[in-house]
Amino acid sequence: MTTIDESAGAKRWLPLEANPDVMNQFLWGLGLPLDEAECCDVYGLDEELLEMVPKPVLAVLFLYPITAQSEAERIEQESIKTDPSSKVYFMKQTVGNACGTIGLLHAVGNITSEIKLTDGSFFDRFFKSTASMDPLERARFLENDREMEDAHSVAATGGDTEVSALATENVDTHFICFTCVDGKLFELDGRKSGPISHGASSPGSLLQDAAKVIQGMIEKNPGSLNFNVIAISKRA
């Protein structure tokens with residue numbers, strides 16, 4: 001099952017593993033300073049387990065299985081007007097299997113006021129270059145960026161999953177990002193036409209608010225087990 005509406009000739013990358021260690025090396029190598037933020041596992045969605053996640057949480061990544069149910073909901077959601085907030089950094093996905101990297105770009109792109117990127121780093125240049133672009137222009141910029149493609153490939157081969165044939169395949173899981181912008185919780189999914197607002201939120205309640213939305217998505221797919229939640233937390 002495909003992770004993106006794409007043509008047969010579309011570029012595909014190796015899928016990024018839902019592994020905080022892999023993601024941290026990826027982020028730190030591209031310009032997120034080691035002492036600024038890090039990815040952490042979220043081991044469960046009940047309050048006690050959420051309290052174990054290092055705070056403050058800046059963004060939440062959610063990996064879920066693409067099912068007939070989730071696809072039907074995505075198509076239905078396309079008929080609902082997305083939130084056009086210009087303050088939300090959003091980009092489309094045009095590269096197959098790149099949802100992990102796009103989820104991380106969505107996360108970092110919406111927390112640049114909370115963290116300091118390394119001057120002149122890939123992230124610093126990327127977000128400055130794409131700041132005034134629309135979501136599809138950002139996607140095309142990424143698609144043609146060899147530096148990011150190489151960095152993604154290194155990260156994708158750094159995990160525990162066998163990846164030898166995966167670049168030519170469409171995987172059946174998908175990453176999305178949740179972030180708080182201007183007092184709202186946004187779902188950022190490069191397969192959708194724009195940011196989806198899930199109502200009021202705050203930096204202090206971001207993790208709990210995202211957990212409620214994620215729990216609802218999990219409950220709609222009771223036969224699936226392939227879910228993973230990762231928080232990006234600011235380091236003390």
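The following exchange concerns how residues and cores in this predicted model come by their labels.

Colleague: Why is Lys 192 called buried?

Modeller: The relative accessible area of Lys 192 is 7%, and buried means under 20%, so the label applies to Lys 192. This lysine lies in the loop between β4 (184-188) and β5 (196-200).

Colleague: What makes the pair formed by the side chains of Lys 192 and Glu 187 a polar contact?

Modeller: The two side chains are joined at 2.7 Å, and because a polar contact requires a pair of N or O atoms within 3.5 Å, with one able to donate a hydrogen and the other to accept it, the distance satisfies the cut-off.

Colleague: How do you know whether Asp 119, in the loop between α4 and α5 (122-130), is buried or exposed?

Modeller: Asp 119 has 62% relative accessibility, and the term exposed is used over 50%, so Asp 119 counts as exposed. Its C-alpha atom is separated by 7.9 Å from that of Gly 31, although the two residues are 88 apart along the chain.

Colleague: Which residues have the most contacts inside the largest nonpolar core?

Modeller: They are Leu 104, Phe 123 and Met 148, in a core of 45 residues, to which helix α4 (residues 99-109) gives the most, with six residues. Apart from this core lies another, of 21 residues, among them Val 42, Leu 206, Val 213 and Phe 227.

Colleague: Leaving aside neighbours within four places in sequence, what is Phe 123 in contact with?

Modeller: With those neighbours set aside, the partners of Phe 123 include Leu 27, Leu 30, Gly 31, Leu 105, Val 108 and Met 148.

Conventions. Residues are numbered from 1 along each chain as its sequence is written. This is a predicted model: local features need pLDDT of at least 70, side-chain atom pairs count only at pLDDT 80 or more; totals for chains, interfaces and linings use all residues. Side-chain values use heavy atoms; hydrogens and water are left out. A nonpolar core is a set of buried Ala, Val, Leu, Ile, Met, Phe, Trp, Tyr and Cys residues joined through side-chain atoms within 4.5 Å. Buried means under 20% relative accessible area, exposed over 50%, partly exposed in between (1.4 Å probe, protein chains only). Helices (H or I, at least four residues) and strands (E, at least two) are DSSP runs, numbered from the N terminus. Contact means heavy atoms within 4.5 Å.
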